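Biologist: I'm new to reading protein models. Could you walk me through this one, with a few questions and answers?

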Amino acid sequence: MASVPEPISKEQVAHVARLARLSLTEEELELYTGQLASVLAHAADIEALDIADVPPTAHPFPLSNVLREDEPAPCLQRDEVLAEAPEVESGRFRIPRILSEAP
Amino acid sequence: MRVREEGPADLSGATGLSAQEIAARVRGGELSALGVIEEHLARIERWEPSVHAFNLVMADEARERAAAIDALVEGGADPGPLAGVPVALKDLLCTRGAPTTCSSRILEGWRPPYDATVVKRLASAGAVIVGKTNMDEFAMGSSTEHSATGPTRNPHDLGRVPGGSSGGSAAAVAAGFAPLALGSDTGGSVRQPAALCGVVGVKPTYGLVSRYGLIAFASSLDQVGPFARSVADAAAALDAISGHDPADSTSLPGPHESAASRLGRGVDGLRVGVIAELAGAEGIAPDVARALEGAAEALSSAGAKVEEISVPSVTYGLSAYYMIAPAEASSNLARYDGVRYGLRMPGQDVTEMYMATRSAGFGPEVKRRVMLGTYALSAGYYEAFYGKAQKVRTLIIRDFEQAYRTFDVLLSPTAPTTAFALGAKTADPLTMYMNDVCTIPSNLAGHPAISVPFGTGDDGLPVGAQVLAPALGEPLMFQVAEVLEQAAKGQAK
């Protein structure tokens with residue numbers, strides 16, 4: 001039987017926020033820690049179930065390897081897609097530098 | 001009955017007609033599609049400022065489209081089974097060239113370069129899109145209060161929520177802005193607002209309706225479904241949008257029986273199981289429980305064999321759902337990074353840009369769920385939370401299989417209470433999540449379910465009864481729902 005994890009801490013919330021690319025203020029961190037803890041506490045009911053032998057379900061129906069005929073078909077127009085991008089250069093998405101050192 | 005002034009839920013003229021009546025008259029040349037859309041637009045102009053069902057009203061496009069349909073009819077052509085029928089779309093269905101926001105700042109101003117398959121199918125059935133409806137941001141919520149454009153209000157009582165997350169679509173149909181609307185249902189987001197707004201709402205079998213162009217929330221659960229003011233209209237709408245789509249790898253191969261194929265047959269001899277764990281669940285308000293007893297009695301009087309049935313694992317549905325859905329959402333919403341579309345906030349490097357963009361673009365509920373999902377999937381917690389939840393999902397599927405050996409359909413309340421006051425549940429996320437307790441099990445199993453208005457609560461507001469069916473059991477589900485609808489009308493007289 002799985003052990004019930006400790007309530008989520010502020011440090012853990014700060015960690016998952018970083019993983020999810022969210023920056024939180026101190027007040028938000030405080031608020032979300034309490035709220036996530038209460039949702040996770042509710043999930044203690046499934047924590048406590050002894051269902052090691054039950055197979056998991058990832059998808060309601062067993063559809064797999066869904067393939068279509070390999071026939072050419074038009075795709076989205078590049079210019080139309082790029083027109084919606086925040087920044088574009090030479091037909092590509094432009095982003096700020098990836099490494100933090102100055103070029 | 002409460003005595004009150006005329007409100008947004010009191011319908012008349014073309015805005016009181018069913019979708020099928022409109023289509024029949026437009027196809028027969030007795031009613032012009034343009035006239036129909038003008039009446040609906042006038043009603044929107046009158047009541048939309050109070051209700052806020054829409055993020056975008058597409059008046060010019062709708063008039064143009066209606067005129068084109070009238071021209072087809074004049075030329076002797078048939079525009080299709082939904083000829084001239086106004087339809088409202090939840091603002092997470094992509095419409096080429098028309099803003100699609102998910103009620104989020106992060107997609108503000110984005111114009112999709114393509115139409116969702118369901119939008120194309122509506123067009124080829126002759127429908128007229130009236131606009132894009134408000135919702136909880138990225139479909140995360142049960143009240144339409146978590147919207148960057150402000151809350152939608154319930155047409156039956158403007159101080160109350162319409163439910164959510166497809167609250168704008170439910171309110172639009174209840175207020176006569178359109179006889180049909182589409183929403184999406186991941187944990188109850190069509191059925192729960194339908195119940196709270198007194199309209200019919202359908203969550204089809206997973207894979208029956210294409211999701212190409214539906215902006216993803218939780219991919220193993222999401223399904224597009226219709227709202228209507230009658231069971232027959234809802235079946236007609238589902239028939240118009242369902243069917244295999246090669247552009248969606250989760251789309252079930254067809255053909256499928258029409259959802260309307262068993263309408264009019266009654267319920268004589270059918271076996272209906274009332275789910276004990278949901279009908280009498282803690283948190284189900286006494287007036288809702290009473291209305292459900294009335295629904296069970298109505299089916300029994302119509303000749304069905306109605307008995308209570310235990311589906312024990314559904315009580316774990318809420319916990320399983322609030323691990324699985326946020327986990328899938330945390331992955332699906334990783335794409336909103338300020339690179340390809342929508343909002344971008346400045347940053348010195350790309351990571352700073354991601355963080356600034358996502359922190360400014362997402363509202364609090366989306367942030368909560370993304371963090372919850374990231375946590376549930378993270379090293380050391382995966383087995384305890386996400387893995388356990390997937391196993392519970394198997395238990396729920398097995399329990400339903402067992403129940404459907406004895407019963408043709410199952411019955412439960414749709415939502416635990418009638419519409420609640422704005423602001424009543426926003427402070428505590430868990431209290432809000434409890435709204436989905438009766439609707440979640442069908443999503444986890446991939447089964448269809450429908451909410452039909454049945455009776456009212458102590459406050460005079462609508463209550464919904466939920467009919468659940470096994471996978472691809474839509475024809476039977478609509479057959480039973482129609483009998484409930486007739487019984488509810490008989491009682492209201």
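Modeller: Sure, and one term up front: two strands pair if DSSP finds at least two bridges between them. Also keep in mind that this is a predicted model.

Biologist: Okay, which residue in β6(B) is the bridge partner of B:Val200?

Modeller: Start with the strands: β5 (residues 200–203) of chain B pairs with β6(B) in the antiparallel sense, over two bridges. B:Val200 has its bridge partner in β6(B), and that partner is B:Ala228.

Biologist: And what is the bridge partner of B:Ala181 in β6(B)?

Modeller: Now look at β4 (residues 180–184) of chain B, which runs antiparallel to β6(B) and is joined to it by five bridges. Within β6(B), B:Ala181 is matched with B:Phe227.

Biologist: Is β6(B) largely enclosed or largely open?

Modeller: In a regular strand, side chains alternate between the two faces of the sheet. On one side of β6(B) sit B:Val224, B:Pro226 and B:Ala228, on the other B:Gly225 and B:Phe227, and all of them are buried. Since five of the five residues of this strand (224–228) are buried, the rest of the structure leaves β6(B) largely enclosed.

Biologist: Zooming out, how compact is chain B for its length?

Modeller: Chain B has 16 helices and 11 strands. Its radius of gyration is 21 Å, close to the 23 Å that the globule rule gives for 493 residues, so chain B is as compact as a globular protein of that length.

Biologist: What percentage of the residues in chain B are buried?

Modeller: For a sense of scale, the C-alpha atoms of chain B fill a box of roughly 65 × 50 × 50 Å along the principal axes. To count as buried, a residue needs 20 or more other C-beta atoms within 10 Å of its own. Out of 493 residues in chain B, the buried portion is 66%.

Biologist: How far apart are the C-alpha centres of domain 1 and domain 2 of chain B?

Modeller: The assignment gives domain 1 as 13–264 + 418–424 + 449–459 and domain 2 as 316–387 of chain B. These two domains touch, with 21 residues from domain 1 and 18 from domain 2 of chain B in the contact. Their C-alpha centres lie apart by 28 Å.

Biologist: Last one: which element gives the largest share of the side of chain B that touches chain A?

Modeller: In this contact, 56 residues of chain B meet 48 residues of chain A. Elements giving two or more residues on the chain B side include α10 (317–332) and α13 (383–406). The largest share, 13 residues, comes from α13(B).

Methods. Residues numbered from 1 in each chain as written. Chains lettered and ligands numbered in written order. Predicted model: local features only at pLDDT ≥ 70, side-chain atom pairs only at ≥ 80, totals over all residues. Helix = DSSP H or I, 4+ residues; strand = E, 2+ residues; numbered from the N terminus. Rg over C-alpha atoms; globule rule 2.2 N^0.38 Å. Buried ≥ 20, exposed ≤ 12 C-beta atoms within 10 Å, placed from the backbone. Contact = placed C-beta atoms within 7 Å. Domains from an automatic or database assignment.
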